[in-house]
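Here is a short briefing on one protein model. Look over the sequence and the structure first, then read the points below.

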Amino acid sequence: MEKLIPILIIALFAIIVIAKNVRVVQQARAYVVERLGAYSTTWSVGLHFKIPFIERVAKVVSLKEQVVDFPPQPVITKDNVTMQIDTVIYFEIIDPKLYTYGVEHPLTAIENLTATTLRNIIGELELDQTLTSRDIINSKMRSILDEATDPWGIKINRVELKNILPPREIQNAMEKQMKAERERREAILKAEGEKKSAILLAEGEKESAILRADAKKQAAILEAEGQAEAILKVQEATAEGIRKINESMPSDQFIKIRALEAFQAAADGRATKIIIPSEIQGLAGLVSSIQGVAEPQDK
């Protein structure tokens with residue numbers, strides 16, 4: 001029994017050593033392994049065994065995309081305006097070996113590199129360009145930082161200017177300028193609205209006048225057509241009467257009597273002097289004589 005105790009101790013020690021030197025690498029991680037102080041290999045996802053007392057895990061590296069928000073940095077524009085700008089960097093590690101051995105304190109190195117790059121870019125721009133050229137600045141910074149961090153095994157995916165804070169007096173001047181611009185736009189919109197309203201009102205009055213004139217025109221046309229139709233009816237009736245008289249072959253005495261009746265009708269109007277032909281005068285005397293002879297007989 002006493003002989004088994006050392007064996008059990010050795011077996012337990014061996015189990016503990018083996019357990020401590022078995023590594024399971026998770027997804028999106030990488031282990032940088034050194035052997036006797038020198039780089040040996042990089043473990044990817046899976047089960048790995050480390051040689052005890054000879055190999056060690058120098059660094060565990062995350063392969064996920066990382067986001068770093070750096071504090072505001074003072075920068076000076078081309079027209080000597082000092083402002084505060086803070087940046088956000090999106091990056092990922094593509095080479096764990098270079099990331100481990102390329103630079104000491106990689107995040108600090110990226111922060112300092114970002115600050116110097118930002119100062120160089122902003123120093124070539126004026127204030128107005130800085131405020132309106134964020135996309136250009138982001139693109140330039142990403143290109144420069146990505147190239148500079150290649151030896152460190154880092155890939156810069158995006159760079160964003162989070163805030164641009166000019167001095168307070170410039171902010172006040174910008175606010176006044178924006179207020180004046182808004183008031184100008186409001187006045188322009190108001191004037192355009194009044195102009196459109198006046199145009200619509202004038203067009204409405206014009207269309208109304210056109211419709212009234214067209215209505216009067218149609219009424220005059222209808223009235224003229226009615227009068228023409230009435231005259232036509234009278235002429236047709238007169239023509240029909242003449243035709244019937246012609247068909248009945250009237251005598252001269254009848255014609256003269258009708259003419260006399262016409263003159264009597266004319267005399268009843270506003271005429272003050274009427275000239276009667278001699279033939280009709282004679283016929284009028286004849287008619288009077290006949291009326292004189294006929295009246296006593298009636299009595």
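Among contacts in the protein between residues at least 6 apart in sequence, what percentage join residues at least 24 apart? The figure is 62%. The model is a predicted one. Its fold counts 8 helices and 9 strands. Of the 299 residues in the protein, 21% are buried.

**Helix H5: length**

- Helix H5 covers residues 134–148, which makes 15 residues.
- At 1.5 Å a residue, H5 should span 21 Å.
- The C-alpha atoms at its ends lie 21 Å apart, so the expected span and the model agree.

**Helix H5: two faces**

- Ile137, Asn138, Met141, Leu145 and Asp146 are the buried residues of H5.
- Viewed down the helix axis, the buried residues of H5 fall within an arc of 150°, so they line one face of the helix.
- An α-helix has 3.6 residues a turn, so residues three or four places apart point the same way.
- Asp135 and Glu147 are exposed, and they sit on the face of H5 turned away from its buried side.

**Helix H5: packing partners**

- Two helices pack against the buried residues of H5: H3 (106–122) and H4 (127–132).
- Strands S8 (82–93) and S9 (154–165) also pack against these buried residues.

**Largest pocket**

- The largest pocket has a volume of about 150 Å³.
- Its lining consists of Asp128, Leu131, Thr132, Met174, Gln177 and Met178.
- H4 and helix H6 (168–247) are the elements that each give two or more residues to this lining.
- By class, the lining of the largest pocket holds 3 nonpolar, 2 polar and 1 charged residues.
- H4 thus appears in two places: it packs against the buried residues of H5, and it contributes to the lining of the largest pocket.

**Largest cavity**

- The count of cavities of 30 Å³ or more comes to 1.
- The largest cavity encloses about 30 Å³ of space.
- Phe70, Pro71, Gln73, Thr87, Glu111, Thr114, Ala115 and Leu118 line the largest cavity.
- Which element gives the largest share of that lining? H3 does, with 4 residues.
- The lining of the largest cavity divides into 4 nonpolar, 3 polar and 1 charged residues.
- H3 also has a second role in this picture, as a packing partner of the buried residues of H5.

Note on methods
Residues numbered from 1 in each chain as written. Predicted model: local features only at pLDDT ≥ 70, side-chain atom pairs only at ≥ 80, totals over all residues. Heavy atoms only, no water. Expected span 1.5 Å × (residues − 1). Buried < 20%, exposed > 50% of the residue type's maximum accessible area, 1.4 Å probe, protein only. Arc of directions from axis to C-beta. Contact = heavy atoms within 4.5 Å. 1 Å grid on protein atoms, 1.4 Å probe; cavity = no way out; pocket = protein on both sides within 12 Å on 5 of 7 lines; lining within 4 Å. Points joined across faces, edges and corners; volume = space filled by probe spheres on them. Nonpolar A, V, L, I, M, F, W, Y, C, P; charged D, E, K, R; others polar.
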